[in-house]
Amino acid sequence: MALRKCPMCLASMSKRAVLRGTDDLACPKCNHPLEVASPSSYVATWIGLAAGVLCAWGSGRSLTDTMLGWALPVVYGTVAYGVVSALALVIFGDLVVRHQDPAFSTEAGHASHH
Ligand SMILES: [Zn+2]
């Protein structure tokens with residue numbers, strides 16, 4: 001499936017729409033309700049986490065002797081996580097059709113555990 005494209009009509013979604021990722025994400029052409037596929041979200045999250053850890057680790061080595069040396073790596077890591085995971089979502093974001101009935105997704109999620 002193409003990245004950031006509607007699975008129904010293959011219309012391209014804007015990066016901003018994918019980044020927002022709200023519940024009202026819909027295809028601008030065919031109006032099918034869409035959502036970012038879970039694997040794409042996981043990949044983006046892990047890439048962001050890796051970037052955050054690397055950034056915190058890298059900045060922590062050079063800033064440990066300053067007054068806020070313990071806090072700045074955490075701040076840098078958090079910012080890196082947010083920015084990189086958002087970029088990864090824009091790059092790797094794969095869209096799937098969202099099921100409109102909220103009971104469907106919650107019941108299916110619970111049924112798999114029982
Ligand atoms: Zn469409």
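Where does Asn31 lie? In this predicted model, Asn31 sits in the loop between H1 and E1. Its backbone stands out a little, with a positive phi of about 65° even though Asn31 is not a glycine. Most residues other than glycine have a negative phi. Asn31 also counts as exposed, because just 11 C-beta neighbours fall inside 10 Å, and 12 or fewer is what the label takes. Leu10 has a positive phi of about 65° too, and is likewise not a glycine. Leu10 belongs to the segment before helix H1 (15–20), and with 12 C-beta neighbours inside 10 Å it counts as exposed.

How far can the model be trusted from place to place? The mean pLDDT of the protein is 81, with 76% of its residues at 70 or more. Confidence is highest in H3, at a mean of 91, and lowest in helix H4 (residues 102–111), where the mean is 52.

H3, then, is a good place to look more carefully. Its 21 residues should span 30 Å at 1.5 Å a residue, and the C-alpha atoms at its ends are 29 Å apart, which agrees. Buried residues in H3 are Pro73, Gly77, Ala80, Tyr81, Ser85, Ala88 and Leu89. Seen down the helix axis, these buried residues fall within an arc of 155°, so they line one face of H3.

Tyr81, in helix H3 (residues 72–92), counts as buried because it has 20 C-beta neighbours inside 10 Å. Setting aside neighbours within four places in sequence, Tyr81 is in contact with Gly48, Leu49, Ala51 and Gly52. Trp46 is 35 residues away from Tyr81 along the chain, yet their C-alpha atoms are separated by 9.1 Å.

On to the nonpolar cores. The largest is made up of ten residues: Cys6, Met13, Val18, Cys27, Leu34, Val36, Ala44, Ala88, Leu89 and Leu95. Strand E1 (34–36) and H3 are the elements that give two or more residues to this core. A second, separate core has five residues, among them Cys55, Ala56, Ala80 and Tyr81.

Back in the largest core, Leu34 is one of the members. Beyond its neighbours within four places in sequence, Leu34 is in contact with Cys6, Leu25, Ala26, Cys27, Leu95, Val96, Val97 and Arg98.

Key: Residues are numbered from 1 along each chain as its sequence is written. This is a predicted model: local features need pLDDT of at least 70, side-chain atom pairs count only at pLDDT 80 or more; totals for chains, interfaces and linings use all residues. Helices (H or I, at least four residues) and strands (E, at least two) are DSSP runs, numbered from the N terminus. Two residues are in contact if their C-beta atoms, placed from the backbone, lie within 7 Å. pLDDT is the predictor's confidence in each residue, from 0 to 100. A nonpolar core is a set of buried Ala, Val, Leu, Ile, Met, Phe, Trp, Tyr and Cys residues joined through C-beta atoms within 7 Å. The expected span of a helix is 1.5 Å times one less than its number of residues. The arc is that of the directions from the helix axis to the C-beta atoms.
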